[in-house]
Amino acid sequence: MADTKAPVVFIHGLWLHASSWQPWQERFREAGYESSAPGWPGDADTVEATRANPDSVANHGIDEVTSHYASFIDSLPAKPILIGHSFGGLIAEKLLGMDRGTAAIGIDAAQIKGVLQLPLSQLRGSLSIFANPANRHKAVSLTAKEFRYSFGNALTEEESNALHVRWTIPSPARPLFEAAAAAFSPHSPAEVNTANEDRGPLLLTMGGKDHTVPEAITKSTLKQYRDSDAVTDLVEFADRGHSLTIDAGWREVADACLGWLTKQGL
């Protein structure tokens, strides 16, 4: 009898609804994995319902979102494989460092505490949010133009706009402010236990054209794990932007993740 594969928990980042993981869930089901894709606190079941009630998602920070997923993990029959995109990748790294997962994959994951680079492309993408400090406690949305720059810059305008219409939701701005202030906060919510020797393996991916999480951030994130002998791998998708989990090339990324899990015996 074949060993049962660990369940998979997909964790979305800012501005994308959890249902955007549906193609990934189908692909992983084909590969023999059962999966879940819970939303963040306050997210409704659909894109439309979440857009209709933005106040419900406002002011949720990194620690609260992490605790939300930890509680969900407690309901599972086994420690899951954690797969997160953007801030979802940061959450996956935090949970792995807390030994709440058997492995984790951070797809173009947001910067953790210790990563000091602030590339110009990243600053430009979030400038309108940081311009108003009151946004920290609000839910914010991206216009189609902002989405094109932050997510869809490696796509045609037509594909980027279609993805914006299909998947985007308002999201709390608080995690952005928390990550930006991490270097000045001794107990930042963006801190990850990178020195954990006993954690499961971690894969970090980076998109060569990503404006939101440029390669410099992911390379610096990798360096934060230098004091741990646990497996930490890096894969580059040279021609991909931040939309790599939802655009027409998502399967390439999903299959790379599945291949890495196979190499890890998972």
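## Aromatic pairs

Two rings of Phe, Tyr or Trp, the last represented by its six-membered ring, are paired here if their centres lie within 6.5 Å; planes under 30 degrees apart make a stacked pair, over 60 an edge-to-face pair, and the rest are tilted. By this rule, the predicted model contains 8 aromatic pairs. A pair of aromatic rings is described by the distance of the centres and the angle of the planes.

One of the pairs joins Trp21 and Trp24, with 5.3 Å from centre to centre and 90° between the planes. This pair is edge-to-face because planes over 60 degrees apart fall in that class. Trp21 and Trp24 are both buried. Another pair is formed by Phe28 and Tyr33, whose ring centres are 5.6 Å apart and whose planes make an angle of 55°, a tilted arrangement. Phe28 and Tyr33 are buried as well. Ring pairs also connect residues into a cluster, made up of Phe10, Trp21, Trp24, Phe28, Tyr33 and Trp250.

## Trp250 within the cluster

Trp250, a member of this ring cluster, belongs to helix H10. Its relative accessibility is 14%, so Trp250 counts as buried, the limit being under 20%. When residues up to four places away in sequence are not counted, Trp250 touches Pro23, Trp24, Arg27, Arg240, Leu244 and Thr245. Trp24 thus appears both among these contacts and in the ring cluster. The C-alpha atoms of Trp250 and Leu96, by contrast, are separated by 24 Å, and the two residues are 154 residues apart along the chain.

Helix H10 covers residues 250-263 and also holds Lys263. With a relative accessible area of 74%, Lys263 is exposed, because that class begins over 50%. Between the C-alpha atoms of Lys263 and Leu155 the separation is 31 Å, with their positions 108 residues apart along the chain.

## Packing of helices H3 and H4

Two packed helices are described by the angle between their axes and the distance between the axes. For helix H3 (residues 62-74) and helix H4 (residues 87-97), the axes come within 10 Å and cross at roughly 65°. The crossing of H3 past H4 is right-handed. On the H3 side, the contact is made by Ile62, Asp63, Val65, Thr66, Tyr69, Ala70 and Ile73, and on the H4 side by Phe87, Leu90, Ile91, Lys94 and Leu95. Sorted by class, the residues of this contact are 9 nonpolar, 1 polar and 2 charged.

Leu95 illustrates the surroundings of this contact. Leaving aside neighbours within four places in sequence, Leu95 is in contact with Ile11, Thr66, Tyr69, Ala70, Ile73, Leu82, Arg100 and Gly101.

## Nonpolar cores

The largest nonpolar core has 46 residues, and those touching the most other members are Ile11, Trp15, Tyr69, Phe87, Leu90, Ile91 and Leu95. At least two residues of this core come from each of strand S1 (8-11), H3, H4, helix H7 (157-167), helix H8 (174-180) and strand S7 (202-207). H4 supplies the largest share, 6 residues. Another core lies apart from this one and has 23 residues, including Trp21, Ile107, Leu258 and Leu261.

## Residues in loops

Where does Ile112 lie? Ile112 is placed in the loop between strand S4 and helix H5 (120-130). At 1% relative accessibility, Ile112 counts as buried, because the limit is under 20%. Apart from neighbours within four places in sequence, the contacts of Ile112 are Leu90, Glu93, Ala190, Val192, Thr194, Thr221, Gln224 and Tyr225. The C-alpha atoms of Ile112 and Ala190 are separated by 5.1 Å, although the two residues are 78 residues apart along the chain.

Most residues other than glycine have a negative phi, and most peptide bonds are trans. Asn59, which is not a glycine, has a positive phi near 70°. Asn59 sits in the loop between helix H2 (47-52) and H3 and, at 28% relative accessibility, counts as partly exposed. Asp99 likewise is not a glycine and has a positive phi, of about 65°. The loop that holds Asp99 runs between H4 and strand S4 (103-107). With a relative accessible area of 35%, Asp99 is partly exposed.

Note on methods. Residues numbered from 1 in each chain as written. Predicted model: local features only at pLDDT ≥ 70, side-chain atom pairs only at ≥ 80, totals over all residues. Heavy atoms only, no water. Axes fitted to C-alpha atoms, helices over the stretch in contact; angles between N-to-C directions. Helix = DSSP H or I, 4+ residues; strand = E, 2+ residues; numbered from the N terminus. Left-handed = near helix turned anticlockwise from the far one by under 90°. Contact = heavy atoms within 4.5 Å. Nonpolar A, V, L, I, M, F, W, Y, C, P; charged D, E, K, R; others polar. Buried < 20%, exposed > 50% of the residue type's maximum accessible area, 1.4 Å probe, protein only. Core = buried A, V, L, I, M, F, W, Y, C linked by side-chain atoms within 4.5 Å.
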